[in-house]
Amino acid sequence: MPITPIRGTDRGSDPAAAVPLVSGALPLVGHLPAFMSDTVSVLERGYAEHGQLFRLELAGTSMVVVLDPEHRKELLLQPETALSISAAYPFLRSMFGTGFYFMAEEEEYRRQRELFMPVFHGGPLRTYLGVMERRTRELIAQLGDEGELELVRTCGELNLRVIVDCFFGEEFGPLFADDLELFETFSGNVSFLLPPGLHPVRTWRSRVARRHLQRLTLRCLAQRRAHPLPAPDFLQSLTESRYRDGTPVPDSASVHQALGLVWAAGETTAGQLAWALADLLRRPEHHPALLAEQHRHLSPDAPLTVENLHRLTRMDHVLYESERLNPLAVLIARKTVRDTVVGGHRLRRGTFVLTSPYLVHRMPDEFPDPHAFRPERYVEDPKAAQRLFGFGSGIHRCLGRRFSRLEIKTCLTLLLRHYEMELIDVPRPVARLAPRAVTAPCRIRFRRRPEAASGGRPGQPRTGS
Ligand code: HEM
C-alpha cells in the first residue's frame, strides 16, 4: 500500500497509538532508558511480541518499527517531504551543518551525490584496491611473525589510513595519519537520534576536533588546486566543483563534503571489518576451503586485482553471512514531516519510523534457518545476497558499499593468507544506541603461516625451499 499524506488528522489522540506497543514502557520516559542502554534487546522484544510492525514510546515521541518488505519499501522510497532522513538524524546537522548532503535542499543534495558517485566506480576502485593492499601489507609487516592484536583498534586504524589515503590522495593521507584520533573524537562524540543539546560536552569535543580537521582539509584543497593531477581524484573534483549556475563551490563547503565522506566510511567499515574477522575466526572450519580458493585464483607474488578478488566467491559468501548476522547499522530511521500513513496506520507529523537490518536479516521468511552461519545459502539461493539490507535500500542506499566490501575482502584475504589466528576474547556487540560494533578489547592471537614465511602459495606449504 503506498504512503499517503493525511490531511486534517484529529490531533486529539495520537493515531500511532493503534500500532501495537512493546511491553515494558515506563511512566513518562517510556522505552527510552532501555532503548538507549540495549537497543537490540528492545527491538527483539518488539519483534517477538508483535511481529513485523510495532511501536516504542520514547519520552513522548512515538517510534514505529516496520519490517515487512512492502512497508520497508514504503519507508525507503518516500521523498524528504513526507519521510525525512535529515530530521531523523539530528546529529548530522550538528556535525556538518545544514548545507551538507541530504541536510541540504534537494538540488544541492543531488549535486553533492553526483560528485560522490564517480568515486565508487571502476577506475577509482582499482586505485583504492592498491591502497587497501599496501596498507594491509604494512600492517602485516608491523605485526611481525607472531603476537597478539586488539581487533577493534587494529581495524579502526587500518581503515582510517585506507580512507584518508583514498579520499585525500596518498600525498595528503600521511598529513592526517598523525591525527587519526581526531576523526574518532569528531564522530565518536555525537549521538544517534538524540538532539546534540542533550550532551553538550561531547558535542563541544566533536566541534573542536572538526575545526582542526577542517583546517587540515583546507590546506589539502589549496595545495591540490595549486598542483592539480593529470587524472583528477576526489579531492581535485572538489576543488573544481560548481553549483548549477556555474558559481564555484567555496572550499568551506567542500571541506564538509570531504569530511562527510570520511565520516560515512569510517566507523561503519571499521566496525564491519572487525565483525568479519571475528566471524571468520569463530568458524575455523571454513579456513581450509578459503585458503584453497585463494590458491586457485591468486598468485602469491602478484598484486591483487579486482578481477581476481571477484573470483573468491566462497570468501564473498562468508562475508555476506557476517554482514547478515552482524550488520553495523541496526536501525535505519526517518521522521514524518507531515501526517502520513505507513503500513496502513496514520502517523502524525514528528513520528519516527524505523526499520532494522538486524531484525530483517534474522527473519525466517527472508533467510531460512536465520540464526545459523551458513555461507552455502548464497549458493542454494543466488538471490539471497540481494536481500541483504545492511547498506540500506531505496533513495539513500549506501554509495560506499562496493568500496567497503572490497576493503574488507582485501584485508581478510591477506590476513588469512599470512596468519593462523584465534580469538582470545569472545567478541561481544556494544549494547548502547550506536552502530553495533564489537566491544573493545577483543584480542586475537596470531602466528605467521609457515608457507607465508617461505613465500609459498596459500594453503600449500612450499617444499624444498
Ligand atoms: C560497512 C560499511 C558501511 C555501512 C554498514 C554503511 C551503511 C549505510 C546505510 C545503512 C546507509 C543508508 C542510511 C539510511 O538510509 O538512513 C548508508 C548511506 C550512505 N553511505 Fe554508507 N555504509 C558503509 C560504508 C560507506 C562508505 C565506505 C561510504 C563512503 C565512502 C559510505 C557513504 C554513504 C553515503 C554517501 C550514504 C548516503 C547515500 C544517499 O543518501 O544518497 N558508506 N550507508
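1. Helices here are DSSP runs of at least four residues, numbered from the N terminus. In this predicted model, the helix that gives the most to the shell around the ligand is α13, with 6 residues. Two further helices, α6 (106-116) and α19 (401-418), each supply at least two residues of that shell, as α13 does.

2. The shell around the ligand can be described further by its members and their classes. There are 22 residues around the ligand, and those that come nearest are Ala265, Thr268, Gly392, Cys398 and Gly400. By class, the shell has 13 nonpolar, 8 polar and 1 charged residues.

3. Helix α13 also packs against helix α8 (residues 151-168), at an angle of about 140° and with the two axes 8 Å apart; the crossing of these helices is right-handed. On the α8 side the contact includes Leu151, Val152, Cys155, Gly156 and Asn159, while on the α13 side Ala258, Leu261, Val262, Ala265 and Gly266 are among the residues that take part. Ala265, which belongs to this contact, is also one of the residues that come nearest to the ligand. The contact of α8 with α13 has 16 nonpolar and 4 polar residues, and no charged ones.

4. Which strands does α13 lie across? Helix α13, residues 251-282, lies across β9 and β10, and runs at about 90° to β9. These two strands belong to an open sheet of 3 strands, in the order β4-β10-β9, with antiparallel pairing. The edge strands, each of which pairs on one side only, are β4 (146-150) and β9 (419-423). Neighbouring strands of the sheet are turned against each other by 25° on average, with direction ignored.

5. Within this sheet, the pairing of β9 with β10 (residues 443-448) is antiparallel and extends over 5 bridges. A reader who wishes to find this pairing in the structure may start from Met421, which stands opposite Phe446 in β10.

6. A separate helix pair deserves a point of its own. Helix α14 (residues 287-297) packs with helix α16 (residues 313-325) at an angle of about 140°, their axes being 8 Å apart, and because of that angle α14 counts as oblique to α16. The contact is made by Ala289, Leu290 and Glu293 of α14 together with Arg314, Met315 and Val318 of α16. By class, the residues of this contact divide into 4 nonpolar and 2 charged, with no polar ones.

Technical notes
Residues are numbered from 1 along each chain as its sequence is written. This is a predicted model: local features need pLDDT of at least 70, side-chain atom pairs count only at pLDDT 80 or more; totals for chains, interfaces and linings use all residues. Two strands pair if DSSP finds at least two bridges between them. Axes are lines fitted to C-alpha atoms, for helices over the stretch in contact, and angles run from 0 to 180 degrees between N-to-C directions. Two residues are in contact if their C-beta atoms, placed from the backbone, lie within 7 Å. Angles under 35 degrees count as roughly parallel, over 145 as roughly antiparallel, 65 to 115 as roughly perpendicular and the rest as oblique. Ala, Val, Leu, Ile, Met, Phe, Trp, Tyr, Cys and Pro count as nonpolar, Asp, Glu, Lys and Arg as charged, and the others, Gly among them, as polar. A residue is near a molecule or strand if its C-beta atom, placed from the backbone, lies within 6 Å of it. A crossing is left-handed if the near helix is turned anticlockwise from the far one by less than a right angle, and right-handed if clockwise.
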